[in-house]
Amino acid sequence: MIRVATIGTNYITDWFATALLTSPLYEYAAVYSRKMETGKAFADKYGVKKVYDNLDELAEADDIDVIYIASPTAYHYAHAMMMMNNGKHVMVEKPIASNSEELSLMLQAAKDNNVIMMEMMRPAHAPGNKTIIDNLSKLGDIRIATLQYCQYSGRYDSYKKGIIENAFKPELSNGSIMDIGVYPIHTLAQVFGMPESIKTDVFHLSNGCDGAGAIMAHYPDKICQVLYSKVTDHKTPSQIQGEKGCMLIETIPFPKKITILYRDGSVEDVPVWEDEREVSGNNMIYEIEDFAKLMEEGKVDHDYLKASIVEMKIIDEARKQVGIIFPADKIREML
């Protein structure tokens, strides 16, 4: 039984906890929160007995195997490094770090301590993404792709009222590209790898946060566009266009409906397998069970990290082009 503790008590930790409790591989053993009262309230929802409000004590606990880190992105590096240096495996919510420099140090710490680190990126583990990759050859030579995720955030309504929540705070390494754009960017990295070059444009909010953006990624044989937004909704599917047909993909963060429109006029609805537990909304089960396999196999340098590395490089370059600078970037420059 893999004993897990969580850092963070937000909605994504609720999703994680719900999924965790469906798996016979895991025990939800402890909750960490900066405030003991908040931690106890969260732990009570899931029948968790241990609650910490001290990170050092959690890192040193000998009855915890894995730490799930869902703190704001600006803290992912510090929390992951502390836990790995104390021999804990870590599941780090997306995006895995503020920048590539942090990720590089985290990767080295995982190797040095012989622990598993994985970015909790739903599409990377979803059956839909495997279905996309397995069916790409049907399209012939791929020339154009548009991957998009635009979702109007309820927190934007608060922003317009002068209430700036964490999701719109660059000081926490947050913003549209980190919160929303990371999904299609990671899919781009997973499916096509690192582009030769990118060009980026964004819509800046008044506090310097990016509200929406576009990336044009150039490959030797194709052009790929990434669109993301926290201030609008998209209504059309993403698509990958090849010389033999076009693949339509709904919901990039978790693809469930995939259709291929062939040049001869025929249409193929490509079936996407789903675990019966997913029907009730536990779509994080694929991530946690892939993580368990990595632990069983002892794969510190595993394949899922490749797309996370490319994702961070693309985001770094995109932010550089449009002047999005986080405090975490300046800290890294001083080290």
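Let's begin with a word you'll meet at many stops: a residue is buried when its relative accessible area is under 20%, exposed when that area is over 50%, and partly exposed in between (1.4 Å probe, protein chains only). Those areas come from the Shrake-Rupley method, and for residues only the protein chains shown count as cover.

What you have open is a predicted model, where local features need pLDDT of at least 70 and side-chain atom pairs count only at pLDDT 80 or more, while totals for chains, interfaces and linings use all residues. Residues are numbered from 1 along each chain as its sequence is written, and side-chain values use heavy atoms, with hydrogens and water left out.

**The whole chain**

Start zoomed out, in cartoon view. You should find 12 helices and 14 strands; these are DSSP runs numbered from the N terminus, with helices (H or I) of at least four residues and strands (E) of at least two. Along its principal axes, the C-alpha trace spans about 60 × 45 × 40 Å. The radius of gyration is 20 Å, which agrees with the value near 20 Å for a compact globule of 335 residues. (It is taken over C-alpha atoms, and the globule rule is 2.2 Å times the number of residues to the power 0.38.) Of the 335 residues, 56% count as buried.

**Stop 1: a backbone oddity inside**

Select S173, in the loop between helix 8 (154–160) and helix 9 (176–192). Is S173 buried or exposed? With a relative accessible area of 1%, S173 is buried. Its phi is positive, about 60°, although S173 is not a glycine. Why point that out? Because most residues other than glycine have a negative phi, and most peptide bonds are trans.

**Stop 2: two more backbone surprises**

Jump to T251, in the loop between strand 12 (245–249) and strand 13 (258–262). Here too phi is positive, near 55°, in a residue other than glycine. T251 counts as partly exposed, at 44% relative accessibility.

Now pick K94 and P95 together. The peptide bond from K94 to P95 is cis, with omega near -20°. P95 sits in the loop between strand 5 (89–93) and helix 5 (100–113).

**Stop 3: salt bridges**

Time to show side chains. A salt bridge here is a side-chain nitrogen of Lys or Arg within 4 Å of a carboxyl oxygen of Asp or Glu. How many salt bridges does the structure hold? There are 16, and three make good visits.

First, select R3 and D65, whose side chains meet at 3.0 Å, N to O. This pair links distant parts of the chain, 62 residues apart: R3 is in strand 1 (residues 2–7), and D65 is in the loop between helix 3 and strand 4 (66–69). R3 is partly exposed, with a relative accessible area of 27%.

Next, select K230 and D179, where the closest N and O atoms are 2.5 Å apart. K230 lies in the loop between strand 10 (222–229) and strand 11 (238–242) while D179 is in helix 9, so the pair ties together parts that are 51 residues apart in sequence. K230 counts as buried, at 2% relative accessibility.

Then try D316 and R319, with closest N and O atoms 3.6 Å apart. Both sit in helix 11 (residues 304–322), and being 3 residues apart they are separated by about one helical turn. D316 and R319 are both buried. Before moving on, add K94 to your K230 and D179 selection: salt bridges that share partners join K94, D179 and K230 into one network.

**Stop 4: an enclosed helix**

Colour helix 4 (76–84). Of its 9 residues, 7 are buried, so helix 4 is largely enclosed by the rest of the structure. Among the buried ones are H76, Y77 and M84. Just for contrast, click A74, in the loop between strand 4 and helix 4; A74 counts as partly exposed, at 22% relative accessibility.

**Last stop: a charged patch**

Finish by switching to a surface view and selecting D53, D56, E57 and E60, which gather in a patch of negative charge. Patches are made of residues with over 30% relative accessible area and no salt bridge; like charges are joined within 9 Å, and nonpolar side chains (Val, Leu, Ile, Met, Phe, Trp, Tyr) within 5 Å. Asp and Glu count as negative and Lys and Arg as positive, with His and the chain ends not counted. The place of a charge is NZ of Lys, CZ of Arg, CG of Asp or CD of Glu. E60 belongs to helix 3 (residues 55–60) and counts as exposed, at 58% relative accessibility.

Note on methods: Areas by Shrake-Rupley, 256 points an atom, 1.4 Å probe, with all protein chains shown as cover.
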